Amino acid sequence: MNILELLTLMFTDYTLRTVALGSAVLGIVSGTLSTFAVLRKQSLLGDAMSHAALPGIVIAFLITGLKTPLVLMVGAMIAGWLGALLVINVTAHTRIKQDAALGMVLAVFFGFGMMLLSWLQHQNIASQAGLDKFLFGRAAALVTEDVLTMAGVGAVALICIGLFWKEFKLLSFDPEYAATLGFPVRKLDILLTTLIVIAVVVGLQAVGVVLMSAMIVAPGAAARQWTDRLGRMVLLSALFGATAGVGGAMISSLTENLPTGPMIVMLISGIVLISLLFAPNRGLVWTYFRQQRNSRRLRTAAVLETLYEMASHHGDPQRAHSLKSLRAAIAGRGVLYTLEQLAAQGLVRSDGDNWALTASGVEQAMQIVNAAPGHMQEALS
Amino acid sequence: MTQAGLEIQIVAAIVAAACALPGVFLVLRRMSLMSDAISHSILPGIVLGFFIAHETTHPLVIGFAALSGVAAVALTEAVFRTGLVKEDAAIGLIFPMLFSVGVILITKFARNVHIDVDTVLLGELAFAPLNRLNLLGIELPRGIWTMGLVLLINLVLIGLLYKELKLATFDPALAAALGFSPVMLHYGLMTMVSVTAVGAFDHVGSVLVVALMIAPPAAAYLLTDRLSRMLILSVGIGVISAISGYWVARIFDTNISGAMATMTGVVFLIVLLFAPERGLIAKARRRGEQRRRFAAEMLVVHLSVHEGTPAEATENTIEHLTGELNWQQAFAQMAIAEAKSAGLIEPSSGRLHLTQQGRQVASAAISR
């Protein structure tokens, strides 16, 4: 089916609509928090929290016997929070560094979760089937209740961001100043970390535990390339997240045997790649062309200036010099190339091996020399 | 215990030992999460190698996977070096992408074959005894041969490069100044991690590799200051976690590597609490001791300042401490008890008197 059919189906077909909405919610919430996580260098915290959520999900099911999304989300949140608490305390009270603490929480909690899951599966409790969809996500299995829960919890997180916007902005860019102004930095820190855990938890159903971390890093990293302003960054990040979410969910729903998580991650990684390459100003492609332009300008100026200075020594600014002597006087490569370019612009002329400034070339050269007087004369005298 | 059970435990122990060795350096160099990144990133390499070789333990698979891991490290650094993304974000971008590629490849093209999505995360140690290999006339589970070889390689490499690794880890500037190439050592270490992760992958999956590479060395870090001891302790702790994990899995009928990962955490917690000197309990006890000693000192100083003055009669009573000085009752009692047991004061008829030793301690404290 083509894109148009797909788009129409997205609105008309119940399942696809639900999937699209759920993924959009996931994308918006995780995208928003992703900006803050990336700015505060907490990218890998999302990874640890999402892996740590697994035992929480299983235990929530064990205790309540329910698989309603809210229950599982609460379980995931508690486990994620416990993990965050452990990381903070181990880092603060021992000489273990944060990376090791994160790695341990990640692997141990997740291993524990897998152990519980496998134990559960051996118990043959029929209702536990489907808990393993939290590993890689199955957006195709989303129902309205799931989406409503995700939207509700996500809305709480977004409202918090709105309420504390100024505080979080200050906290992300200049925490010391925030402290001197009297803001309760620790409490704000904990609040923001909690919101990140919430974002992780909201997305688990769609993206899964293993890959949720990408949704906490990639949208923010991509958005960062396009703007320096926090507000725009957050909006862009949410947009990217939603795009990747909806796109990935759509593609995986319509293909057989394709879990959602990996597809969403591939899409958001693609968005990051495009951002890294093509974002104006920071993008690598732009930087490359800008550098080329700059070095061309420098080379042109150097050649004109050198021709002028060397000719002026003989009293005639239009006196010709050989290519060899020019190459000796000008550092770097591409002298001949630049001369040919200048000739095409009518600023120099040549007779075989010797090159001289034209009248307009002299004008240009004088402008350059007067703009930055002194250095070439010193070098040549 | 059956022979199969014994063999599983041996494989588990070898895997733990092989992982602990490079893990020590990862933890010391603050690169623990590279183990997570690499163990996820080797997946596409494994799948590609599998497509070509049609079995998961072919050398081609190991080669491709190790390359995949090192490629992930190189990509991460490339992304970081553009200056557009910070280091932690760079790691968090590359390995989920590579892992997704692997998962997609598996689910689309290798669904019905040996590689399964759950296995990717957890491996299947229970099958270790079934996969046997006959070398030099001895038949053992393949796992013992492959991981044994990996363990041997790790031991040899660390043994040969011990001094260089030690210097580069603790004083990278000096190492660079002396001409050791930090880049080579870094990539060498990453390659070791990759190869170990690949070898272990089939048995224990990505997650346990991370647990085994980080938790035992972290625990060892709390127990010693010497690199050589840290290496030995890490291996020991890893082996203990592995074997206890096996028994936990046996008792509760659950996944072996999940149980092993859990046990690494449990063992770490035990060490965290009970380590001499750096353990939490030891620290709490030391803090308590310091607080008591300080309280006794304050008491003795207070007494000595007022000794021989007309106010001594009131200043030296127990009630005065809580009333005038505003000390909490419990604190005052503690100070008195501590000072008394240290022989610094003598209480008599509701008043406190300094001993000679008490006076010495007081004047030392005042002059400090």
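The expected span of a helix is 1.5 Å times one less than its number of residues. The exercises below concern a predicted model.

**Exercise 1. The span and setting of a helix**

Determine how the end-to-end reach of helix α10 of chain A compares with its expected span, and state how many of the residues of α10(A) are buried.

Solution.
1. Helix α10 of chain A covers residues 185-207, and has 23 residues.
2. At 1.5 Å a residue, the expected value is 33 Å.
3. From the first C-alpha to the last, the helix reaches 32 Å, which is close to that expectation.
4. A residue is buried when its relative accessible area is under 20%. Of the 23 residues of α10(A), 17 are buried, so the helix is largely enclosed by the rest of the structure.
5. The residue that follows α10(A) is Gly208(A), with a positive phi near 90°.

**Exercise 2. The interface between the chains**

Describe the interface of chain A and chain B by its contacts, its buried area and its count of salt bridges.

Solution.
1. On the side of chain A, 52 residues are in contact with 60 residues of chain B.
2. The size of an interface is often given as the accessible area lost when the parts come together. Here chain A and chain B bury about 4600 Å² between them. Carbon and sulfur atoms account for 74% of that area.
3. Within the area that chain A buries against chain B, Leu44(A), Arg95(A) and Met115(A) supply 14%, more than any other three residues.
4. One salt bridge is counted between chain A and chain B. Its partners are Arg95(A) and Asp225(B), whose side chains meet at 2.9 Å, N to O.

**Exercise 3. A network of salt bridges**

Which residues are linked with Asp225(B) in a network of salt bridges, and where do they lie?

Solution.
1. Over all chains, the structure holds six salt bridges. The criterion is a side-chain nitrogen of Lys or Arg within 4 Å of a carboxyl oxygen of Asp or Glu.
2. Asp225(B) meets Arg95(A) in one of these, with an N to O distance of 2.9 Å. This pair crosses between chains: Asp225(B) is in the loop between α9 (182-221) and α10 (227-252) of chain B, and Arg95(A) is in the loop between α4 (69-93) and α5 (98-122) of chain A.
3. Asp225(B) also meets the side chain of Arg278(B), again at 2.9 Å, N to O. Arg278(B) is in the loop between α11 (256-274) and α12 (280-306) of chain B, 53 residues from Asp225(B).
4. Arg95(A), Asp225(B) and Arg278(B) are thus linked in a network.
5. The accessibilities of the members are as follows: Asp225(B) is exposed at 58%, Arg95(A) is partly exposed at 26%, and Arg278(B) is buried at 17%.

**Exercise 4. A salt bridge between two helices**

Identify the partner of Arg292(B) in a salt bridge, and explain why the pair ties together separate parts of the sequence.

Solution.
1. The partner is Glu338(B), with the closest N and O atoms 3.4 Å apart.
2. Arg292(B) belongs to helix α12 of chain B and Glu338(B) to helix α15 (residues 329-341) of chain B, so the pair ties together parts 46 residues apart in sequence.
3. Arg292(B) is partly exposed at 32% relative accessibility, and Glu338(B) is partly exposed at 22%.

Terms used: Residues numbered from 1 in each chain as written. Chains lettered and ligands numbered in written order. Predicted model: local features only at pLDDT ≥ 70, side-chain atom pairs only at ≥ 80, totals over all residues. Heavy atoms only, no water. Helix = DSSP H or I, 4+ residues; strand = E, 2+ residues; numbered from the N terminus. Buried < 20%, exposed > 50% of the residue type's maximum accessible area, 1.4 Å probe, protein only. Contact = heavy atoms within 4.5 Å. Buried area = accessible area lost by both parts, 1.4 Å probe.
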